[in-house]
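Here are my notes on the charged pairs and the cysteines, as promised. Have the structure open while you go through them.

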Amino acid sequence: MGKYFGTDGFRGEANVGLTVEHAYQVGRFLGWYYGQRSKATPENPEGRCRVVIGKDTRRSSYMFEYSLVSGLTASGADVYLLHVTTTPSVSYVVRTEGFDCGIMISASHNPFYDNGIKVLNGRGEKLEESVIEEIERYLEGELGEIPFATREKIGRTVDFAAGRNRYIGYLISIATRSFKGKKVALDCANGSAYAIARSVFEALGAETHVINNTPNGLNINTDCGSTHIHVLQEYVKEQGCDVGFAYDGDADRCIAVDENGDEVNGDLILYLCGKYMKENGSLYNNTVVTTVMSNFGLYKAFDNAGIAYEKTAVGDKYVYENMSQYGHCLGGEQSGHIIFSKHATTGDGILTSLKVMEVMLEKKEALSKLASEVEIYPQVLKNVRVHDKQTAQDDPKVQEAVRQVTDALGSDGRILLRQSGTEPVVRVMVEAGTKELCEQYVDQVIQVMKDQGHLL
């Protein structure tokens, strides 16, 4: 990760960590960089650089959109505006409409005062590290001046709401059968999904109930959506829905709620979709890609179902890289970023909900029954502030304490130490048969770190 760009783009508090000047500079670089590489195509006979932009519902998203457009057009790029839309819709439009790159303005599940710039390459994937490094060098002033476009070479801006509509049509086409007779609740987090999700489910015949779909620029992710699942849980129970789906601010993740109001997180979704795909012969390589934070119970369930699995670093970017490299077709995170590579190159919350509906309808079973085969292990995670993350984690006595916990747990749990990417923090996580046991082993390792003088 660089100074500005993390695993999911350039993110920070609007006009504090991420300013309009930053957005303008990113636009200037991307317009120039892709302008050097653009070639004439049937969609683009003049060979001009073409960039598509989407945004979520944060108040600052409009500000950053205008800044990016200014930078891009000043460098000679033509900019196509999807307006308020989801991250996966930008990815879809980029790869199907011949754009050089795509930009999504969003800070995902963060509060409204944060924002971010996610850049996607021409295949609709997270931008390559090599290009990110060049953007960072430009932001640091290491590349010198980029020439301005002049006269007829100055870029233009095009309303491209039609691209979002085509994405809606694409989602509808993926469904294998009608949703008629199903009562479905959708929590749109007052974010990007509000403009798309209802249209998809109503077109497929579901009795669709939507909550948190009145964005005002300040209420995105506020006590709603996939990070505040209790709201949807109560709604599903009160309204007697068959299922509920909650999205985050840019709708690239989905958490489900079963008919009893119980949460069905990303791990459970990976299991029920993975098992269904294995049964119908569509789980390529018989493998599901997870991150190291997936629950131990998921792996136990995969073992029982005869499904192999991979583990990557935390971040859907790393999940997709593994899937792409080895040809796997299903992967994701506990947080609800689920990637179906046959249909998408990023996590897609609405697509995920359609796939869960497919499993329910094809198997004619309630979501609670489908998810019941996974025994989720109790988990305790504690964040420890330390002087130096690497030194604390590599300390021989800390490593010995971890080994002792690993030996004690055997095949009935696990311990994981992971460094925060942005803070002086080491995360200590234990999964075991009881929460009390988790607490005991987590505190045991933290005490060693304290005794060794690592804690702040």
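The points below take the salt bridges first and then the cysteines.

1. First, a reminder that this is a predicted model. With that in mind, the structure holds 28 salt bridges, and I've picked out three pairs plus one network. As general background, side chains of opposite charge can pair when their charged atoms come close.

2. Have a look at lysine 3 and glutamate 140, whose side chains meet in a salt bridge at 3.2 Å, N to O. Lysine 3 sits in the segment before strand S1 (5-6), while glutamate 140 is in the loop between helix H4 (129-139) and strand S7 (157-159), so this pair ties together parts that are 137 residues apart in sequence. As for solvent, lysine 3 counts as exposed at 61% relative accessibility, and glutamate 140 counts as partly exposed at 40%.

3. Next comes aspartate 8 with lysine 118: they form a salt bridge, and their closest N and O atoms are 3.1 Å apart. Aspartate 8 belongs to the loop between S1 and strand S2 (9-13) and lysine 118 to strand S6 (residues 114-120), so parts 110 residues apart in sequence are tied together by the pair. Both ends are out of the solvent by the 20% cut-off: lysine 118 is buried, with a relative accessible area of 1%, and aspartate 8 is buried too, at 16%.

4. That pair isn't on its own. Asp8 and Lys118 are part of a network of salt bridges that also links Arg11, Lys126, Asp250, Asp252 and Asp316. It's worth putting these residues on screen together.

5. Then there's arginine 253, whose side chain meets that of aspartate 248 in a salt bridge (3.4 Å, N to O). Are these two buried or exposed? Arginine 253 is buried, with a relative accessible area of 8%, and aspartate 248 is buried at 0%.

6. On to the cysteines. A disulfide is a covalent bond between the sulfur atoms of two cysteines. How many disulfides does the model have? The count comes to zero, with the cut-off for a sulfur pair set at 2.5 Å.

7. Two cysteines show why. For cysteine 101, the closest cysteine sulfur is in cysteine 49, 6.2 Å away, which is too far for a bond. For cysteine 254, the closest one is in cysteine 273, at 9.5 Å, again too far. Cysteine 101 is buried, with a relative accessible area of 0%, and cysteine 254 likewise counts as buried at 0%.

Terms used:
Residues are numbered from 1 along each chain as its sequence is written. This is a predicted model: local features need pLDDT of at least 70, side-chain atom pairs count only at pLDDT 80 or more; totals for chains, interfaces and linings use all residues. Side-chain values use heavy atoms; hydrogens and water are left out. A salt bridge is a side-chain nitrogen of Lys or Arg within 4 Å of a carboxyl oxygen of Asp or Glu. Helices (H or I, at least four residues) and strands (E, at least two) are DSSP runs, numbered from the N terminus. Buried means under 20% relative accessible area, exposed over 50%, partly exposed in between (1.4 Å probe, protein chains only).
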